[in-house]
Each structure stands twice: as C-alpha cells, then as structure tokens.
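Welcome! Open the model in your viewer, keep the sequence panel beside it, and follow the stops below one by one.

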Amino acid sequence: MLSLIVRTALTKNSSVWLPGIRAMRAMSSGGPTAPFTTLSISHPATAVTHVELHRPEKRNAMNRAFWSEMVDCFSQIAADPDCRVVVVSGAGKMFTSGIDLMDMASDILQPEGDDIARTSWNMRRIITKYQETFSVIEKCPKPVVVAVHSACIGGGVDLITACDIRLCTQDAWFQVKEVDIGLAADVGTLQRLPKVIGSRSLVNELALTARKMYADEAKSSGLVSRVFDDKEAMMAAALELAGEIAGRSPVAVQGTKVNLIYSRDHSVAEGLDYMATWNMSMLQTQDVMKSAQASMEKKSPKEVTFSKL
C-alpha cells in the first residue's frame, strides 16, 4: 500500500504526499521509547512530536504504566520549546482496545481502606489520577492531532476527545464501552464528548447503549473532521497538517489553543475578557511584525523564522 501511494504521488507530481511519506517512514518504531514502556516517541519533522500508543500485541490496551506515562510524556512535551505540535496514533491493528482490565483490576475492584469512607477516599484519588492522564493532553498548550485507525474503544474515546483535531480511517469505529462493563465513563468522555458532538441526544445514545459509531457517522456528527481510505493516507495527512501548524507563530498557535478551550467552558463575555487580558501582553511579540511582513511580501508563514517558545 505504501508503495502504491508513492507511485501515485510521483505520477501526480505532488508536493504534498512525498514529504508526508518520508516523514511517515521516519515515524516507524521498533518498540517503546525508553523510559516509556507503552509509548513510542519520534520527531518526524521539525517541531513535530509523534506519540504512538505502543502495545500492539495487546491491542494498545491501557495498562497501569500507560496512565502514568502519558502524564509524564505530555508534561515534557508542554515544556519542550522544540515541539510546536503533536501527532498521536496507535501501533498495530487498531488504535486502542481501551482499558486493560486484567492489569487494572486491583486498582478498580480492590481499593485500599479500613472502612467505607477511607476506601471511597482512596478510590476518588485513583479516579482523579486517571483523569489527569487525558486532561494533561488538553492542558498541553501545543495542539494535538490524533489519528485513529480501526477500533477506538472505551478509554480511547476519553483520549481523543481531549485532543484538538481528530482524523480517522474509513474502517475506524468508536465505542463508549463503559456501561457494558458496569460503570459510568469517569475519565473524560461524559464531560468532553457533549462539547465535541453537537447532538446531546446522540451523545446520550452512544453512552447509554455502548453501540459502535462508524467513520461516516463520526464525521457527520463532528467527532472527526476528516476520513481517509487507509492508515498510510491518514498519517501522511496528519503530518502535513502538523507541519502547517508548526510553521505558524508558536505565540499565536498556543494562544489560540488556550483561548479556544477557555471559551468552550465560559460565557462569550468571559471569553472576550480573558482574550483581552491574554493579548495585552501576547500582542507585544516580534511574531506579529514578522508575520505581517511575510504577508505583504506574499510569503508563507512557514518561510518565517520564529523564536522558540
């Protein structure tokens, strides 16, 4: 399939596909990146970080290590001035099968505590810790593009709804699986999915029945913005998109993400007030003049050298 895409790109003299194909090859990994055991980290293009869920033999099930490694990984990315955008994907046959019940059973089914109050307190601590695994993606000021192929189950939906841009393949499907295993989703789906999909009725249906949502419905409902024939095409497009974002002013890009999330959770008036406070300092950047000059000279923003942030 990869060779077919390359031949097609050569035939069409495309300037888009070939850089994406080369970068996609650079993203290939033989396994997790130390010190992580569930994630593979690579840098396929300038200012782009690729985070790949990497437990393909376990269908990228989310074990105990994964929940803490995601926090460590995105905390590092948030502070990394060399990274301006992140691409998240899954290794192997599917994006993720969700929580690894066998590995997580002791935390969920046997929380510590001498009585109900103490057991409940410890359970709340565990839940809030797991919630941070995906909240850290949303808190990261760098935009996160997630690319989903095949199955995205349970915790996978929690993960992708914390991302900024969602892409998927034609064979992708999504499932809010938690009611099927006797619990209400508690690490983000019930809070974020209603703000991603416009229809509250559809969200309720998905969460209450655990039915599968396939790619066409995911696109029409707004869960994803683009659907691709296969994973190769999707990853090439994800890298192209990441490159477009990375080529813009990091002050502008990161400020845009922060304010979009703030405005989502506040009134229009509150959002405008926050924006005014934000830009009273952020407008005092050389990036504005550099970008304006490039526009007047009919140059792409990607031709401008912006300082690291």
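## A buried glutamine to begin with

Select Gln-254: with 9% relative accessibility, this residue counts as buried (buried means under 20% relative accessible area, exposed over 50%, partly exposed in between, using a 1.4 Å probe and protein chains only). Gln-254 belongs to helix H11, residues 250-264. Helices (H or I, at least four residues) and strands (E, at least two) are DSSP runs, numbered from the N terminus. Now show what surrounds the side chain: leaving out residues up to four places away in sequence, Gln-254 touches Pro-141, Lys-142 and Leu-309, where contact means heavy atoms within 4.5 Å.

A word on what you are viewing: this is a predicted model, in which local features need pLDDT of at least 70 and side-chain atom pairs count only at pLDDT 80 or more, while totals for chains, interfaces and linings use all residues. Residues are numbered from 1 along each chain as its sequence is written, and side-chain values use heavy atoms, with hydrogens and water left out.

## Zoom out to the whole chain

Switch to a cartoon view. The protein chain has 13 helices and nine strands, and its C-alpha trace spans about 70 × 50 × 40 Å along the principal axes. For 309 residues, a compact globule would have a radius of gyration near 19 Å, and the 20 Å of this chain agrees with that. The radius is taken over C-alpha atoms, and the globule rule is 2.2 Å times the number of residues to the power 0.38. Colour by accessibility next: buried residues make up 47% of the 309 residues. Among contacts with a separation of 6 or more, 67% are between residues 24 or more positions apart.

## Walk across the sheet

Now pick out the strands E1, E2, E3, E4, E6 and E9. In that order, these six form an open sheet with mixed pairing; two strands pair if DSSP finds at least two bridges between them. E1 (39-45) and E9 (226-228) stand at the edges with a single partner strand each, so one side of each has no neighbour in the sheet. Look along the sheet and you can see the twist: neighbouring strands are turned by 25 degrees against each other on average, direction ignored. For such angles, axes are lines fitted to C-alpha atoms, for helices over the stretch in contact, and angles run from 0 to 180 degrees between N-to-C directions.

Start at the E1 edge. E1 and E2 are antiparallel and share five bridges; one bridge pairs Ala-45 with Val-48 in E2. Two residues lie between the strands of this hairpin, where Ala-47 takes a positive phi near 70 degrees.

Step on to E3. Strand E2 (residues 48-53) runs parallel to E3 and is joined to it by six bridges, with Thr-49 opposite Val-86. On the other side, three bridges link E3 (residues 85-90) in parallel to E4 (residues 144-148), and Val-87 stands opposite Val-145.

Is E3 itself mostly covered or mostly open? Mostly covered: six of its six residues are buried. Val-85, Val-87 and Ser-89 point one way, while Val-86, Val-88 and Gly-90 point the other way.

## Look for charged pairs

Select the Lys, Arg, Asp and Glu side chains. The structure holds 16 salt bridges, each a side-chain nitrogen of Lys or Arg within 4 Å of a carboxyl oxygen of Asp or Glu.

- Lys-302 and Glu-244 form a salt bridge at 2.7 Å, N to O. Lys-302 lies in the segment after H13 and Glu-244 in helix H10 (residues 231-246), so the pair ties together parts that are 58 residues apart in sequence. Lys-302 is partly exposed at 43%, and Glu-244 is partly exposed at 29%.
- Glu-138, Arg-192, Lys-195, Arg-264 and Asp-265 are joined into one network by salt bridges that share partners.
- Asp-180 pairs with Lys-177 at 3.2 Å, N to O. Asp-180 is partly exposed at 46% relative accessibility, as is Lys-177 at 29%.

## Last stop: helix H13

Which residue reaches the backbone nitrogen of Asp-287 at the start of H13? Zoom in on Thr-285: one of its side-chain oxygens comes within 3.1 Å of that nitrogen, where helix H13 (residues 286-296) begins. Then move just past H13 to Lys-298, which takes a positive phi of about 55 degrees.

Methods:
Polar contact = N/O pair within 3.5 Å; in protein donor to acceptor, adjacent residues only side chain to side chain.
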